[in-house]
Structure formats: C-alpha cells, structure tokens
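Here are some exercises to work through with the model open beside you. Try each task yourself before you read its solution.

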Amino acid sequence: MTLSYAPGDSLAHRLDPRSKLLVQAGFAAAAYAYTTPRGLAALTLLAVACLSFAEGGPRDVWTYRFAFPVLALAPLVAGATLGAPWFRPERAAATGLASYRVLLILVVAAGYVRSTPVRESRAALQRTVPGRAGQFLGVGVALVFRFLPLLKRDLLTAREAIRARGGGALPVRDRMRLVAVAGVNRAFGRADRLGTALNARCFAWNPTLPRLAFGRGDAVALAVGCGLLAAAVVRAL
Amino acid sequence: MIDVNGVTCRYGDGSDDGAVTAVDDVSLSVPDGEFLVVAGANGSGKTTLVRTFNGLATPDAGTVAVNGTPVADDLVAARTAVGMVFQDPRDQLVAATVGADVAFGPENLGLAHEEIDRRVAAALDAVNMAGRGEDRIASLSGGERERVAIAGALAMEPDHLVLDEPFTGLDEPARRSVVDRLRERRRAGTSVIVVTHDLRDVLGLADRVVGLADGRVAVDAAPEAAVGDLPGLDVRVPAGAAGTRAGETSASDP
C-alpha cells in the first residue's frame with residue numbers, strides 16, 4: 001500500500017490545504033522545540049488527532065515502515081561507544097526522543113497526504129510562494145506525488161515476478177540486487193512514459209489551479225498552526 | 001484534417017547502421033469525421049506513426065499538419081486537436097481520482113473553472129461514468145480505466161481521437177463498452193483513429209483501413225476492399241469478414 005490521497009469528506013478533507021500546511025509547519029517547529037517526553041506526549045495526542053481528522057489510522061503509519069528500522073537503530077548507534085562503558089543510555093534516550101519526533105511529524109504528514117489532492121497541494125504552494133519559485137515547487141510536488149506511487153507499484157510488481165519464478169528462495173542479497181536492477185530499469189521507463197503522458201496532455205507550468213477557499217474550520221486550523229509556531233518561537237527565545 | 005506527408009521515423013543511435021526505420025515515407029490524410037483503422041503487426045510502425053500526429057514523436061523526414069498547421073509549429077494546438085489514448089491507460093492516468101484526472105488536460109489549457117467543470121462532466125457522461133468523479137483510479141477495473149483515459153482525451157474536446165490498441169487486456173463486456181463509446185464519437189462527428197492488430201471489434205465502424213507493414217503503407221482502402229489483404233499483414237480480422245460489417249453488431253445493442 002502506498003500513502004496517497006483518499007477521497008473523503010472528513011474534517012481534514014474540508015480544510016484549505018494552506019491551513020494544513022501551516023499546521024504541519026507549526027507541528028514540526030514545535031516538535032523540534034519541545035523535545036522532552038512531556039512535550040512529545042502532548043504532541044503525540046495532536047498528531048493522532050490530525051491523522052484521525054483525515055480518517056487515517058495505523059495502516060497509514062504502516063506505509064512508513066521502511067523508515068522504522070532507521071528510526072529504531074538510531075538510538076542504539078547513538079548510545080554505543082568504542083570503549084567502556086560501551087553504551088551510554090542518556091545519549092540513546094536523547095536520540096530515541098529525536099526518532100520519535102520524526103515519527104510524529106510523519107504521522108501528521110500522513111494526515112495531510114491522505115486528505116489533500118495533489119493538484120490542491122500544487123495550488124497551495126503556488127499561491128503561497130509567488131513567482132517562478134512557487135511554480136517550480138508546485139510542479140515538483142505534483143510530479144513527486146504522481147511518480148512515487150507508480151514507482152512503488154512497479155517495484156512490487158518486479159518483486160512478485162521474481163517470486164513467481166522461484167526467486168523467493170534466493171539469498172536476500174541476490175533478491176535485493178534483482179529488485180534494485182529491475183526497479184532502476186522500470187523507474188527510467190516509468191519516467192519516460194509519465195513524461196510522454198504529461199506532454200500528450202499539454203502539461204503546463206501555469207495551469208488553471210483548483211479553487212481554494214478558507215472556511216470556518218480553517219480558522220481553527222490556522223489558530224492551531226500559528227499557536228504551534230508561536231510556542232516554538234517562545235521556547236527558542 | 002490530419003495531413004501526413006512523406007513521414008519517416010527512425011529509432012537508434014543516429015547512425016545509418018544502428019538505426020531502425022519504424023515509419024518509412026508514409027503519406028496519408030485523415031479527413032474530419034472519418035473513422036480510420038491503422039492496422040499492422042507488432043513493430044509495423046503503427047504507434048510511432050500516430051504519435052507524430054500530436055508531436056509525441058518527431059519525424060526524421062516529412063511533415064505532419066493538423067488542421068493546416070504543421071505540428072512542429074504549435075505543439076499545444078496539435079495536442080489539443082489530437083487526443084491520444086495510450087495502449088496502457090495506466091501510463092496515461094496521472095491523478096488519484098477520476099475527476100482530477102479528466103480535469104488535468106483542460107487545467108493545463110488554462111481554461112476557466114466553469115468550463116473545466118463542464119468538460120469534465122460531459123466527458124465522464126460520454127464514457128458512462130457520470131457521477132464517479134471522486135472514485136479512486138486505483139480502484140477501477142481495466143475497462144473503467146480505459147474509459148477514464150478516453151474521457152481524459154475527450155475533455156480536451158479534440159477534433160481527432162487516437163486510440164492505441166484500446167482493447168488490449170479488456171474482457172468482452174469492456175470491449176463492447178469501448179466500441180459503443182467509439183460509435184458515439186463517430187456519430188458526434190469526431191474523427192476516430194484506432195491503432196490495432198485485431199480488427200474484430202472495429203472493422204464494422206471503419207470508413208477506411210490503412211495497413212502497415214515494415215513501416216510502409218501496404219493497404220489503404222475501404223474495409224470491404226482491405227479485408228482480404230489484411231491477414232497477410234498478420235492482422236486479425238473477423239471470421240467471414242469479407243463483405244460484412246461485423247463490428248456494427250455489438251452485444252450491447254438491442
């Protein structure tokens with residue numbers, strides 16, 4: 001399963017993407033400002049609320065599973081020393097909290113992705129960042145969100161094809177090599193086909209962007225986002 | 001009108017030794033409103049030829065003009081006038097939901113929101129998918145994806161609609177549905193160009209059949225006259241097709 005936009009009518013779906021971006025930015029700032037267990041516990045509640053408002057759940061968080069080993073290993077690596085005492089728990093704990101902070105930011109991002117169509121993200125960026133920089137960012141976001149799910153599906157197909165012909169019995173290293181080679185090949189092919197499709201459909205840097213409008217719910221979201229940013233600034237001072 | 005004049009397309013490293021000639025000095029015209037079938041075996045140059053119609057492939061020699069304007073002079077005009085449906089619709093669908101995907105082309109043309117909404121509604125209606133704009137592309141069947149791809153092309157309101165092997169991988173009901181949609185396009189006056197190696201579904205709809213072999217036009221005639229020569233090009237035709245209009249009979253017809 002790939003994390004992607006899921007049509008719906010949840011509270012998060014009804015929010016303007018600019019509000020959601022502000023909440024994300026505020027959340028990230030607060031997560032870096034409040035690194036104590038108590039602060040992160042409060043942010044945990046907020047992160048779960050953000051995902052719930054988008055009708056998301058553990059399945060969405062599970063899409064980040066490829067990042068979990070890195071986040072889990074980081075405290076062990078940070079705590080390890082080359083000599084006695086061989087392991088320093090306080091350093092591992094600090095890094096563990098940092099890993100957890102990253103996880104929380106990913107949870108909030110999952111709520112955004114599943115509740116926001118790609119073209120609305122593009123519109124929000126282009127309206128927030130003026131000029132060519134905004135266009136460049138908007139197009140970049142649009143292409144990445146269109147390309148990654150396709151690439152992921154190609155990789156899964158390659159893996160299934162390898163398994164279907166007995167490749168599942170190969171050593172992990174060989175399987176990784178086969179999937180990687182097939183994945184790179186398919187990535188280039190997929191990029192080529194996506195480029196052709198975009199050309200055929202007159203891909204433009206300045207298309208008609210979807211209508212965006214702030215509603216009543218956005219007032220709350222904007223207040224939360226601004227509050228989080230302000231809290232981060234106060235903490236930093 | 002699409003005018004193809006002496007078009008040659010080569011693939012390869014640019015040297016004479018390494019290049020493969022996919023399309024070799026092809027000339028033909030597609031009048032407005034015509035239902036043209038471009039037939040040929042795999043590797044005969046069909047797809048490359050139709051890709052020159054809207055500039056997705058650039059001829060090494062010769063010219064292509066759409067509605068009197070050379071394609072190379074105005075790619076956006078060519079791509080607006082010639083809608084393209086790819087062989088695998090998954091290569092063409094770029095959004096997460098049906099409505100967003102169909103709107104993608106009109107948005108790129110910079111149209112007003114009201115016009116985009118009208119075109120999306122009309123295109124979805126034309127492929128019998130009205131009211132399904134919020135459906136996820138990933139949840140659609142192969143036939144439905146094909147119809148969304150056709151809707152995406154129709155939303156550009158093209159003068160010419162090109163479909164590359166539109167029946168590949170579709171089951172019988174889905175094939176009939178696509179044939180019905182093509183029949184409606186024909187009635188609406190859009191010229192339809194179907195690229196295929198299997199004429200069983202479309203021979204009855206065709207005004208003309210162009211058969212390609214090794215990149216050259218081997219047959220260019222009305223279906224009744226062309227059908228006898230097509231099996232020699234490794235093209236599949238309906239059983240007893242000579243003198244019949246088999247595709248006119250669809251199981252979805254009363």
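**Exercise 1: Getting to know chain B**

Chain B has a secondary structure of seven helices and ten strands. Keep in mind that this is a predicted model.

Task: Work out how compact chain B is for its 254 residues.

Solution:
- Step 1. Start with the radius of gyration, which is 18 Å for chain B.
- Step 2. Set that beside the globule rule, which also gives 18 Å for 254 residues; the two are close, so chain B is as compact as a globular protein of that length.
- Step 3. For the outline, take the principal axes: the C-alpha atoms of chain B fill a box of roughly 50 × 45 × 30 Å.
- Step 4. Now look inside, where 51% of the 254 residues in chain B are buried.
- Step 5. Finally, take the contacts in chain B between residues at least 6 apart in sequence: 67% of them join residues at least 24 apart.

**Exercise 2: Tracing the sheet**

Task: Find the order of the six strands in the open sheet of chain B, and say which strands sit at its edges.

Solution:
- Step 1. Walk across the sheet and you get E6-E7-E8-E3-E9-E10, with mixed pairing.
- Step 2. Check who pairs on one side only: strand E6 (82–85) and strand E10 (216–221) of chain B do, and these are the edge strands.
- Step 3. Going from one strand to the next, the twist averages 20°.
- Step 4. Add what packs on the sheet: helix H5 (residues 142–154) of chain B touches E6 and strand E7 (160–164) of chain B, and its direction makes about 165° with that of E6(B).

**Exercise 3: Zooming in on E3(B)**

Task: Is E3(B) largely enclosed or open, and which strands does it pair with?

Solution:
- Step 1. Count the buried residues: six of the six in E3(B) are buried, so the strand is largely enclosed by the rest of the structure.
- Step 2. Sort them by face. B:Phe35, B:Val37 and B:Ala39 are buried on one side, and B:Leu36, B:Val38 and B:Gly40 are buried on the other, so to speak, with both faces covered.
- Step 3. Pick one neighbour, strand E8 (residues 191–196) of chain B: five bridges join E8(B) to E3(B), and the two run parallel. Here B:Val37 has B:Val194 as its bridge partner.
- Step 4. Pick the other, strand E9 (residues 208–213) of chain B, which pairs with E3(B) (residues 35–40) in the parallel sense over five bridges. In E9(B), B:Val210 is the bridge partner of B:Val38, and B:Gly211 is that of B:Ala39.

**Exercise 4: Over to chain A**

Task: Describe the side of chain A that touches chain B.

Solution:
- Step 1. Count both sides: 21 residues of chain A are in contact with 26 residues of chain B.
- Step 2. Look for the helices involved. Helix H7 (118–128) and helix H9 (172–200) of chain A each supply at least two residues of this side, and H9(A) gives the largest share, six residues.
- Step 3. Split the chain A side by class, and you find eleven nonpolar, five polar and five charged residues.

**Exercise 5: Checking a record**

Task: Take two of the spans that UniProt (unreviewed entry) lists as "transmembrane region" in chain A, residues 66–87 and 219–236, and find how much of each is helix.

Solution:
- Step 1. Residues 66–87 of chain A are 55% helix and 0% strand, with end C-alpha atoms 26 Å apart.
- Step 2. Residues 219–236 of chain A are 100% helix and 0% strand, and here the end C-alpha atoms are 26 Å apart.

Definitions and conventions
Residues numbered from 1 in each chain as written. Chains lettered and ligands numbered in written order. Predicted model: local features only at pLDDT ≥ 70, side-chain atom pairs only at ≥ 80, totals over all residues. Contact = placed C-beta atoms within 7 Å. Helix = DSSP H or I, 4+ residues; strand = E, 2+ residues; numbered from the N terminus. Nonpolar A, V, L, I, M, F, W, Y, C, P; charged D, E, K, R; others polar. Pairing = 2+ DSSP bridges. Axes fitted to C-alpha atoms, helices over the stretch in contact; angles between N-to-C directions. UniProt positions renumbered as here; feature names shortened; annotations may be inferred. Rg over C-alpha atoms; globule rule 2.2 N^0.38 Å. Buried ≥ 20, exposed ≤ 12 C-beta atoms within 10 Å, placed from the backbone.
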